[in-house]
Amino acid sequence: MRTPHVVVVMGVAGTGKTTIGPLLAARLGVPYAEGDDFHPAANIAKMSAGTPLDDADRWPWLDAIGGWAHDRAGLGGVVSCSALKRSYRDRLRAAAPGVVFVHLAGDRPLIEDRMSHRQGHFMPTALLDSQFATLQPLEADEAGVAVDVSGAPEEIAERAVAALREFDPASS
């Protein structure tokens, strides 16, 4: 399956965006961009200290991701970005109107368990509550699909490809 869409792999911390994103990109035959790489150093320092970002912190980050997605319009790509609020997704769509979201969704105990086993990531488990509190799932009028994060990464990526195929059969 190849897609001209830019796919934003979204969800709370610990859902596997950084793992699933590259697998999905490989299956779609498009490049992958790690959303965390778009964060300014001040954001990473703030999160590393256990302090949630506020919207003012997120706007430049979202604008940078939106710029990447805009540049990939018509070419395709996959980028990871939590995109927890509708307003964040609206901002991404304003920069790149054709983006499609893949919401990696799972229950809190599973995600907390995965986060507790991560090595070398700046996002502490302590911020998981704020992530779930902020999360606004995709609405019916938003281009995207929800994918369950239980199972192995390869299974999750395959579910994402299948969900995208159902969402837009013309892209397969």
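Which residues are buried in α7? The answer is I156, A157, A160, V161, A163 and L164. Viewed down the axis of α7, these buried residues fall within an arc of 165°, so they line one face of the helix. The model in which this is seen is a predicted one, and the following paragraphs place α7 in the context of the remaining elements.

The protein contains seven helices and five strands. Along the sequence, these elements follow the pattern β-α-β-α-α-β-α-β-α-α-β-α. Of its 172 residues, 44% count as buried.

The strands provide a convenient starting point. Strands of a sheet pair through backbone hydrogen bonds, either parallel or antiparallel. In this model, five strands form an open sheet in the order β2-β3-β1-β4-β5, and the pairing is parallel. The edge strands are β2 (32-33) and β5, each of which pairs on one side only. At the β2 edge, two bridges link β2 to strand β3 (residues 77-80) in the parallel sense. Within this pair, Y32 has V78 of β3 as its bridge partner.

Strand β4 has partners in both β1 and β5. Strand β1 (residues 6-10) runs parallel to β4 and is joined to it by four bridges; here M10 stands opposite H103 of β4. Strand β5 (residues 144-148) is likewise parallel to β4, and five bridges connect the two. In that pairing, V102 is matched with V145 of β5. The burial of β4 can also be described: five of the six residues of this strand (residues 100-105) are buried, so β4 is largely enclosed by the rest of the structure.

Beyond β3, the loop between β3 and α4 (86-95) contains A83. This residue has a positive phi of about 45° although it is not a glycine. Its relative accessibility is 0%, and A83 therefore counts as buried, the cut-off being under 20%.

Among the helices, α3 (residues 55-71) shows a clear division between its sides. Helix α3 has 17 residues and reaches 24 Å from its first C-alpha to its last, close to the 24 Å expected at 1.5 Å a residue. Its buried residues are D57, R58, W61, L62, I65, G66, W68 and A69. They cover an arc of only 155° around the axis, which puts them on the same side of α3. The face turned away from this buried side carries the exposed residues A56 and D71.

The discussion now returns to α7 (residues 153-167). At 1.5 Å a residue, its 15 residues should span 21 Å, and the end C-alpha atoms of α7 are indeed 21 Å apart, which agrees with that expectation. Helix α7 packs with helix α1 (residues 17-28) at an angle of about 55°, and the two axes are 9 Å apart. An angle under 35 degrees would count as roughly parallel, and one from 65 to 115 as roughly perpendicular; α1 and α7 are therefore oblique to each other. In this arrangement, α1 passes α7 in a right-handed crossing.

Conventions. Residues are numbered from 1 along each chain as its sequence is written. This is a predicted model: local features need pLDDT of at least 70, side-chain atom pairs count only at pLDDT 80 or more; totals for chains, interfaces and linings use all residues. Side-chain values use heavy atoms; hydrogens and water are left out. Buried means under 20% relative accessible area, exposed over 50%, partly exposed in between (1.4 Å probe, protein chains only). Two strands pair if DSSP finds at least two bridges between them. The expected span of a helix is 1.5 Å times one less than its number of residues. The arc is that of the directions from the helix axis to the C-beta atoms. Axes are lines fitted to C-alpha atoms, for helices over the stretch in contact, and angles run from 0 to 180 degrees between N-to-C directions. Angles under 35 degrees count as roughly parallel, over 145 as roughly antiparallel, 65 to 115 as roughly perpendicular and the rest as oblique. A crossing is left-handed if the near helix is turned anticlockwise from the far one by less than a right angle, and right-handed if clockwise.
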